[in-house]
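Hello,

Here is the structure we talked about passing on. Please open it alongside this note, and then read on for what turned up.

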Amino acid sequence: AAENAFVGQGKGSSPNAEADSGRNEETVSSPKSFQHFIKAEQVPAEVQEEENDPRVILITLDKITYQDLLSFSGPVLSSLLGKSGVALMNVNTAGGGTESSYLTIGSGARLTANWTARRAFNRNESWQGEGAEALYRRHTGSSATPPGEVLHLYSRVLRRLNEQLPYPAMVGAMGEALSRSGRGVAVLGNADGDNPNRQIVTIAMNNEGVVAYGDVGTSLLRENELAPFGKECDSFAYLKAFSSLWEKASLIVVEWGDTSRINDYLAHLPFERRAELLRVSLDELDKFLLGIRPYLSQGTKLLIMAPSLPNLGGEKLAPVIYHDPDSSGQGLIVSATTRRPGLIANIDIAPTVLSLLGVEKPVFLFGAPLAIIPVENHLEKLATLSERILNIYNQRPAVIKGYLLAQIVLLVGALGG
């Protein structure tokens, strides 16, 4: 049955998945729960029957590690991990901060960004007492606001920040290429805390800072006094919005903002509380993943990734999941950028999306499309690779220090001679 396609512990998936699935009285895999979160009328008839138009769903789970996925995923995400390609992603950018990571993914080149990357709104929203359309015109100098449901207020600031790069680049290159080719683009979700945090828009927007379709507003969240900032993602609201976007967009970019909120709230939390909150959030994500299962038909690909890493130290590479319903399943992701199975770069995401949707890659996108290489025990092998890379990184300062000390000794000896 469709509702069971992601359920059940996949090979190599989290050993806690089976136990975790019983955390609630009713798991998301039960028929009753499934009917609660996805009603028949929410899924278009053509999706229920057959869907061949290529589409990509890109979901961000920011500020988590690969070990987080293995340890805290619910049964649906655990099963998905076991049936997909996985990799660790280099998150280098032209600047620091999470904002640069998001902008780099959407532009296909290593860019830099600042707090302005977070300020985007639904066209009919207001910020600090003024409408988003009026603010867009003021910031850009445009006499009219371009058509589109979501507006980024500082796209031209982001362009200015990247004018002096030593290589050609375009802010919003992926969204721009898709828009020019006639493909619809949509964005859904936010990571709002005390202030608006809609940097997800920088992945989907075109060069003018506009996304044709979407919802990044507060109606996607629900109040919960135990959650960071007193708010959390509402899977049912996400699913309702997602279903309204399906017919319009070839690319739907989704921010599951709870993981970002948890990271932004770390200063208030003991370490074990982070683990508890991640479990709760990924359980809620399971409901969303189960709800979009009917849309993962022929021609639709699913990418799940962490654009940046948590403020915990430790791991240096972020996790990526690539699910292709048309492929044989589990394996390691590879690209021509790294030429090593299980290792990719953030600049590979935009070329991958464009390739999957049949859009020619602009010359200033420097990454390469992703592919899945079938590998047995892929989750364990990627965990081993992650540990090896971390050990090398941790040993590097001692090696460099020893090398420099040896050079100093040799130099002193030569001077003394």
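**What was found**

Among contacts between residues at least 6 apart in sequence, 77% join residues at least 24 apart. Please keep in mind that this is a predicted model. The protein has 417 residues, and 57% of them count as buried. It holds 15 helices and 17 strands. The exposed surface comes to about 17,500 Å², with carbon and sulfur atoms supplying 52% of it.

**The cores**

Start with the inside. In soluble globular proteins, nonpolar side chains tend to be buried together. Here the largest nonpolar core has 104 residues. Leu-251, Phe-288 and Val-353 have the most contacts inside it. Helix 13 (residues 271–292) gives this core its largest share, eight residues. Another core, of nine residues, lies apart from it. Its members include Trp-127, Tyr-136, Tyr-154 and Val-210.

Which residues does Phe-288 touch, leaving aside those up to four places away in sequence? They are Ile-59, Ser-235, Tyr-238, Leu-239, Phe-242, Val-254 and Trp-256.

Helix 5 (residues 75–82) is also worth a look. This helix is mostly covered, with eight of its eight residues buried. Among them are Pro-75, Val-76, Leu-77, Leu-80 and Leu-81. Ser-78, Ser-79 and Gly-82 are buried in helix 5 too.

**Strand 7 and its partners**

Strands of a sheet pair through backbone hydrogen bonds, either parallel or antiparallel. Strand 7 (185–190) runs parallel to strand 12 (residues 251–256), and six bridges join the two. Within that pairing, Asn-190 has Trp-256 of strand 12 as its bridge partner. Trp-256 is also one of the residues that Phe-288 touches.

Strand 7 has a parallel link to strand 9 (residues 213–215) as well, through three bridges. There, Leu-188 is matched with Asp-215 of strand 9. Strand 7 is mostly covered: six of its six residues are buried.

Just look at the loop between helix 9 (173–180) and strand 7, where Gly-182 lies. Is Gly-182 buried or exposed? Its relative accessible area is 65%, so Gly-182 counts as exposed. Gly-182 and Ser-250 are 68 residues apart in sequence, yet 9.5 Å apart in space, C-alpha to C-alpha.

**A three-stranded sheet**

Three strands make an open antiparallel sheet in the order 3-6-8. Strand 3 (120–122) and strand 8 (210–211) each have a single partner strand, so one side of each has no neighbour in the sheet. Strand 3 pairs with strand 6 (residues 150–152) over three antiparallel bridges. One of the matched pairs is Ala-120 with His-152 in strand 6.

Helix 7 (residues 132–140) lies across strand 3, strand 6 and strand 8. The helix runs at about 35° to strand 6.

**Two buried polar residues**

Asp-192 comes next. You will find Asp-192 in the loop between strand 7 and helix 10 (201–204). Why does Asp-192 count as buried? Its relative accessibility is 5%, and the cut-off for buried is under 20%. The Asp-192 side chain reaches the backbone nitrogen of Asn-197 at 2.8 Å. A polar contact, also of 2.8 Å, joins the Asp-192 and Arg-198 side chains. Beyond four places in sequence, Asp-192 touches Asn-197, Arg-198, Thr-218, Leu-221, Lys-231 and Arg-261.

The second is Ser-335. Ser-335 sits in the loop between strand 15 (331–334) and strand 16 (343–345). With a relative accessible area of 4%, Ser-335 is buried. Which side chain makes a polar contact of 2.8 Å with that of Ser-335? The partner is Asp-348. Again leaving out residues up to four places away, Ser-335 touches Arg-340, Ile-344, Asp-348, Ala-368, Pro-369 and Leu-370.

**Where to look**

If time is short, take these stops in turn:

- Phe-288, one of the residues with the most contacts inside the 104-residue core.
- Strand 7, with its parallel bridges to strand 12 and to strand 9.
- Asp-192, with its side-chain contact to Arg-198.
- Ser-335, with its side-chain contact to Asp-348.

Best wishes

Notes. Residues numbered from 1 in each chain as written. Predicted model: local features only at pLDDT ≥ 70, side-chain atom pairs only at ≥ 80, totals over all residues. Heavy atoms only, no water. Core = buried A, V, L, I, M, F, W, Y, C linked by side-chain atoms within 4.5 Å. Buried < 20%, exposed > 50% of the residue type's maximum accessible area, 1.4 Å probe, protein only. Helix = DSSP H or I, 4+ residues; strand = E, 2+ residues; numbered from the N terminus. Contact = heavy atoms within 4.5 Å. Areas by Shrake-Rupley, 256 points an atom, 1.4 Å probe, with all protein chains shown as cover. Pairing = 2+ DSSP bridges. Axes fitted to C-alpha atoms, helices over the stretch in contact; angles between N-to-C directions. Polar contact = N/O pair within 3.5 Å; in protein donor to acceptor, adjacent residues only side chain to side chain.
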